[in-house]
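The following paragraphs lead through the structure shown below, beginning with the fold of one chain and moving on to its partner.

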Amino acid sequence: MAQPAVAHPTVTPAAPTAVPAKLPISAVAPWAVFVGILMLVLLYFVGAEQGATSLVSGEGVHEWVHDARHLLGFPCH
Amino acid sequence: MNSATVRNLLVRGMLAGLAAGLLALVVAYVLGEPRVDQAIAFEEAHSHEHGGEELVSRTLQSTAGLSTGVLVYGVAFGGIAALAYCFALGRIGRFGPRASALLLAVAGLVAVYVVPFLKYPANPPAVGNPDTLDQRTTLYFLMVVLSVLLAVGTVILGKRLAPRLGNWNATVAAGAFFVLVVGLAYAFLPSFNEAPADFPATLLWQYRLAALAVQVTLWTAYGLVFGLLAERLLAPHAAAESRGTATQATPVPH
């Protein structure tokens, strides 16, 4: 481990530690809004649907993801 | 071009989330399911009103149902974390693509799960009063949102303090701010202690450790897999070099 570092002291500030370029906020924002909301809707169905709030009637969604909801830490019932 | 980079990172994030979800699913099935079954056995032994017809059988709940929930959770958080990564990249200090991904995953684990968990821990079946479900759900999600916003605020605060205090002291100061505000939230938000008096303490402890293990697995695997994919996308030369030096113990001096 130490040997190459001693042999090549000039190698240390090499490419792997270079800071990656920033992505402009304007390029990220549209994705963040649309895909972000879609992902939150998915999380809502796994974590809360047919618990405290209900968009789909019945108990099917709640019962299907019951174990996942418990083990992922959401309040289930 | 930048938008294409965002899309590529997002796709990789969701794939990494799926892979992490598969690992978390194994942990949930092996460590979590036996405890869920024990808790349901306790519930049925102590409940008089329970025992209606099952909508989804226990076998389906513990296999297909569990898989659906954990994998969707993995993909969804994979996507959200990849979007957060796009914002964080190059803005959080001198970290490369891989280190940034792992730092983000650790921050995600702490902010999304550990901080809310310490106040409102995961409960097995039989623990939790149905009458307080609305309140517990609201407070749980409030705690998650609060903790995530606070984590973002902490990073911004650290960045602002860094020129004056230096990186080390700024990180310590921002971390102390995070702990202080979380502590205040813990102190002022209502608590729930709804375990039945004779519910086995060991089972509750093991159940909560299993729930924590699921999340640690998910976020760690996500950070490592997504970091690898992101580095190949953003710095293919660096990725190739790090592989090259790993196989070649002593590079030829130049």
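From the N terminus on, chain B follows the order α-α-α-α-α-α-α. Its inventory is thus stated in full by 7 helices and 0 strands. The model is a predicted one, and every value below was computed from its atoms or taken from a record. Along the principal axes, the C-alpha atoms of chain B fill a box of roughly 80 × 40 × 35 Å. Chain B has 254 residues, of which 37% count as buried. Among contacts in chain B between residues at least 6 apart in sequence, 83% join residues at least 24 apart.

An individual pair of residues illustrates such a separation in sequence. B:Leu224 has its place in helix α6 of chain B, and 122 residues along the chain separate this leucine from B:Leu102. The C-alpha atoms of B:Leu224 and B:Leu102 are nevertheless 6.2 Å apart. B:Leu224 counts as partly exposed because 17 other C-beta atoms lie within 10 Å, whereas 20 or more would be needed for a residue to be buried.

The division into domains comes next. Domain 1 of chain B is made up of the segments 1-42, 59-127 and 197-243, while domain 2 covers 129-194. Between the C-alpha centres of these two domains of chain B lies a distance of 19 Å. Their contact draws 10 residues from domain 1 and 14 residues from domain 2. On the side of domain 1 of chain B that touches domain 2 of chain B, 8 residues are nonpolar, 1 is polar and 1 is charged.

Attention now turns to the contact between the chains. It takes 42 residues from chain A and 57 residues from chain B. On the chain B side, two or more residues are given by each of α1 (2-46), α2 (58-88), α3 (97-119), α4 (133-165), α6 (201-234) and α7 (236-247). The largest share of this side, 15 residues, belongs to α2(B). By class, the side of chain B that touches chain A consists of 32 nonpolar, 18 polar and 7 charged residues.

Within chain A, helix α2 spans residues 25-47 and bends by about 30° at A:Ala32. An unreviewed UniProt entry lists residues 28-47 of chain A as "transmembrane region". In the model, that span is 100% helix and 0% strand, and its end C-alpha atoms lie 26 Å apart. The buried residues of α2(A) are A:Val28, A:Val35, A:Met39, A:Leu43, A:Val46 and A:Gly47. An α-helix has 3.6 residues a turn, so residues three or four places apart point the same way. The buried residues of α2(A) pack against α4 (66-71) of chain A, and also against α1 and α2 of chain B. Helix α2(B) therefore appears both as a packing partner of these residues and as the element with the largest share of the chain B side of the contact.

Confidence in chain A remains to be considered. The mean pLDDT of chain A is 83, and 78% of its residues reach 70 or more. Confidence in this chain is highest in α4(A), at 95, and lowest in helix α1 (residues 2-7), at a mean of 50. Over residues 11-15 of chain A, pLDDT stays under 50. For that stretch of chain A, the model has 3 contacts beyond four places in sequence.

Methods:
Residues are numbered from 1 along each chain as its sequence is written. Chains are lettered from A and ligands numbered from 1 in the order in which they are written. This is a predicted model: local features need pLDDT of at least 70, side-chain atom pairs count only at pLDDT 80 or more; totals for chains, interfaces and linings use all residues. Two residues are in contact if their C-beta atoms, placed from the backbone, lie within 7 Å. Helices (H or I, at least four residues) and strands (E, at least two) are DSSP runs, numbered from the N terminus. Ala, Val, Leu, Ile, Met, Phe, Trp, Tyr, Cys and Pro count as nonpolar, Asp, Glu, Lys and Arg as charged, and the others, Gly among them, as polar. Domain bounds come from an automatic or database domain assignment. UniProt positions are given in the numbering used here, feature names are shortened, and annotations may be inferred rather than shown by experiment. The bend at a residue is the angle between axes fitted to the seven residues ending there and the seven starting there. A residue is buried if 20 or more other C-beta atoms lie within 10 Å of its own, exposed if 12 or fewer, and partly exposed in between; C-beta atoms are placed from the backbone. pLDDT is the predictor's confidence in each residue, from 0 to 100.
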